[in-house]
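Grab a pencil and open the model in your viewer. Below is a set of short exercises, each with a worked solution.

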Amino acid sequence: MSAGNHRSVRPSRILLYIVLILAAGFFLMPVYILIVTSLKSYADVNLATMWSLPKQISLDSFLSAWNGDPTKGTIGLSNNFMNSMKLAIPATILSAIVGSLNGYVLAKWKFPGANFIFALILFGMFIPYQSILIPLMLTLQAWGKALRPLVENVQAWQVPIFLEWIKTLVQTYVPAYGTIGGLMIVHVIYGIPITTLIFRNYYAEIPDELLEAGKIDGAGFWGLYRYVLFPLSVPGFVVVIIWEFQSIWNEFLFAVVLTNNAASQPITVALNNLAGSYIVEWNVQMAGALLAALPTLLIFIVLGRYFMRGLLAGSLKG
Amino acid sequence: MHWRLNRDRLTAILVILPSVIAILVFVYGFIGWTGWASTLNWNDMMAIPKGGLFPATNSIQMDNYIRLFTVDQRFQIDLRNTIVFTVFFIGSCLFLGLGLAILLDQKIRNEGFFRSIYLFPMAVSFIVTGVVWRWLLNPGSAGAPVGVNQLLVNLGLPFLQSKWYTNPQALYILPDSPVGQFLHQVGLSSVTTPNFGISVAMLSVVLAAVWQMSGYTMALYLAGLRGVPDELREAARVDGANEIQIYQQVIMPLLRPITLSAVIILGHISLKIFDLISAMTGPGPAFATDVPAYYMFDTVFRGNHFARGAAIAIILLISVAVLVVPYLVNAIRTEVHR
């Protein structure tokens, strides 16, 4: 009983598809130029033919964007790409755990004032971060000053040779101005509203009867979380992890203000610098942009369905 | 049911407490700090001891705000640009998003494929978008067009070429035009200045932003359209309504809450827009693409005008709050009642 059979007027259907394909052309145009440009060899890069296909596939631009060009003194994006990974992966995991616990409390352990607290937390999602940026920078600088003795002494620590990596770990993740750890903690804190929102709405759908049954069996707060809620949380975690990873990977304002040294800058900042530099050719810029977009694009292609759900959750559709 | 504290409930409160404290300090405390800093005469990094949190400077009350709204030309251009950006960005996203959603709702073969193509720009950062569109909308030179201009020439549409984001002009009501003379008569001659015009360069930034966000608007509308029960359409059809009337009279009214959500979400993105401006144009020629969020960053982190930046940040916050708070309150209230 499909209604489609009644209105398959041919010409209008064809027009419909033409419009859809034209729209697709608009959305794919930048991707086309990104891919075509990135895959051209240096000899093939020419402004007059920028829309034509590469004569032969070459990875020169990618390699130059990734490794830099010593002859011009440019640094590649490889280090920044890894910084973004070191930042986004732990920050995402921490955010998901915090959000899951908060959502559990706000959905299943409502206390007097819980809705007010929820609203209070939620507002943090919408603030322009400019309004907290200056004190945030000063706070991280203060932490950096307080923790400096620790960081400076790390190299002198007497640790077994197989634990040497701990020194690097401490230096990377010390929560301070200019470190990946400082940026990570900032992302976890300002991620609280959205992760709490998604998990709270997700857990609200789980029937209270399941928890009541668990309570009768003698389970407490942690028991119910561990044996009832958590096993049912996988889709919620997938949505939150995808959402957080892509927003942290793509974030720019915190990164540009809170990491002052190239060694700890994420890829968005490095790409912005690369694109603002006049000595870097445009094909290298395009390859850099493609590198910066690749991880989140891959996630979108593989897990698009969950990506959609995160987007819709972000619209407060509770 | 009466609520009484017990062990598990105490655990629950202790679990959420660190997050609440973090939000109180890092959101509300810091906003308070910024509000306080916006009243200071603070234009110097040295005013603050290293590792300290409070500058030792005197208060000048509301002077920073007064200055922004009276003598600061750059800020007034920024306000104009934000309004232009917001209006065109939201308008285009709603139009394109709704249009694409309705088209995709026509039982399209490969719908998922088209949907993914329209939506994927959401997955990349505004920085990537800015870098790519800066290149695409690079005007090139008259004899050697590049990017979109070159594409337009190749397609036989050279008259559509534009200077894009490098165009410093603003379109505004000329004082000696009939409308301008009328405005002069009614004492609104200040409206007939570029400060009340449309910055042409800003429209290029709008194009890039629409490329990134219209798919998202489409996804919102499509979810809404899928929520319209088939019986409703069928009933309207039985009543003799044609497809266009069904959309106009049955479906559109049901999509109103979605339009509201979309306006709130797109609106708060456009008021805060910073990344895209940074990567694509910066302040632009004669501040043609400057916005308050960029000015704040520029004046604080490059110019050390902390107090002025704090004042801009507070103005930004208030404008976002005016947009979001009523919506938030309403959303939570309806949810509690449900």
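The exercises below go through a predicted model, from chain A to the interface, the core, the salt bridges and two loop residues.

**Exercise 1. Chain A in outline**

Work out how many helices and strands chain A has, and what share of its residues is buried.

*Solution.* Start with the secondary structure: chain A has 13 helices and two strands. Next, take burial: of the 318 residues in chain A, 56% are buried. Then look at the dimensions: the C-alpha trace of chain A spans about 80 × 75 × 40 Å along its principal axes. Last, check the contacts in chain A with a separation of 6 or more: 69% of them are between residues 24 or more positions apart.

**Exercise 2. A helix inside chain A**

Decide whether helix α4 of chain A is largely enclosed or not, and list its buried residues.

*Solution.* Helix α4 of chain A covers residues 114-123. Use the cut-off first: a residue is buried when its relative accessible area is under 20%. Going through the helix, you should tick off A:A114, A:I117, A:F118, A:L120, A:I121, A:L122 and A:F123. That's seven of the 10 residues, so the rest of the structure largely encloses this helix.

**Exercise 3. Where the chains meet**

Describe the contact between chain B and chain A: how many residues, what area, and which kinds of residue on the chain B side?

*Solution.* Count residues first: 98 come from chain B and 98 from chain A. Now the area: about 8,700 Å² is buried between the two chains, with carbon and sulfur atoms giving 78% of that. Then look for specific pairs. There are zero salt bridges between chain B and chain A, but 17 residue pairs are in polar contact, both residues being at pLDDT 80 or more. On the chain B side, helix α1 (residues 7-37) supplies the largest share, 19 residues. Sorting that side by residue type gives 70 nonpolar, 16 polar and 12 charged.

**Exercise 4. The largest nonpolar core**

Find the residues with the most contacts inside the largest nonpolar core, then pick A:F254 and list what is in contact with it beyond its sequence neighbours.

*Solution.* This core has 209 residues, and those with the most contacts inside it are A:Y190, A:F254, B:W42, B:F89 and B:Y118. By helix, α13 of chain B (residues 306-337) gives the most, with 16 residues. Now zoom in on A:F254. Skip everything within four places in sequence, and you are left with A:Y129, A:I132, A:L133, A:L136, A:L183, A:V186, A:H187, A:Y190 and A:T259. Notice A:Y190 in that list; A:Y190 is also one of the residues with the most contacts in the core.

**Exercise 5. Three salt bridges and a network**

How many salt bridges are there over all chains? Then compare the settings of A:R148 with A:E152, B:R67 with B:D72, and B:D298 with B:R74.

*Solution.* The total comes to 15 over all chains.

1. A:R148 and A:E152 have their closest N and O atoms 3.7 Å apart. Both sit in helix α5 of chain A (residues 130-153), four residues apart, so about one helical turn separates them. A:R148 is partly exposed at 42% relative accessible area, while A:E152 is exposed at 56%.
2. For B:R67 and B:D72, the closest N and O atoms are 3.1 Å apart. B:R67 is partly exposed at 34%, whereas B:D72 is buried at 6%.
3. B:D298 and B:R74 come to 3.2 Å between the closest N and O atoms. B:D298 belongs to helix α12 of chain B and B:R74 to helix α3 of chain B, so this pair ties together parts 224 residues apart in sequence. Both residues are buried.

To finish, trace the network of salt bridges: it links B:D105, B:E111, B:R115, B:R226 and B:R233.

**Exercise 6. Positive phi without glycine**

Locate B:K107 and B:A286, and say whether each is buried, partly exposed or exposed.

*Solution.* Take B:K107 first. Its phi is near 50 degrees, a positive value in a residue other than glycine. B:K107 lies in the loop between α3 (73-104) and α4 (111-119) of chain B, and at 48% relative accessibility B:K107 is partly exposed. Now B:A286: phi is again positive, near 50 degrees. The loop here runs between α11 (275-280) and α12 (292-301) of chain B. With 61% relative accessible area, B:A286 counts as exposed.

Definitions and conventions. Residues are numbered from 1 along each chain as its sequence is written. Chains are lettered from A and ligands numbered from 1 in the order in which they are written. This is a predicted model: local features need pLDDT of at least 70, side-chain atom pairs count only at pLDDT 80 or more; totals for chains, interfaces and linings use all residues. Side-chain values use heavy atoms; hydrogens and water are left out. Contact means heavy atoms within 4.5 Å. Buried area is the accessible area (1.4 Å probe) that two parts lose on being put together, summed over both. A salt bridge is a side-chain nitrogen of Lys or Arg within 4 Å of a carboxyl oxygen of Asp or Glu. A polar contact is a pair of N or O atoms within 3.5 Å; within protein, one must be able to donate a hydrogen and the other to accept it, and residues adjacent in sequence count only if both atoms are side-chain atoms. Ala, Val, Leu, Ile, Met, Phe, Trp, Tyr, Cys and Pro count as nonpolar, Asp, Glu, Lys and Arg as charged, and the others, Gly among them, as polar. Buried means under 20% relative accessible area, exposed over 50%, partly exposed in between (1.4 Å probe, protein chains only). A nonpolar core is a set of buried Ala, Val, Leu, Ile, Met, Phe, Trp, Tyr and Cys residues joined through side-chain atoms within 4.5 Å.
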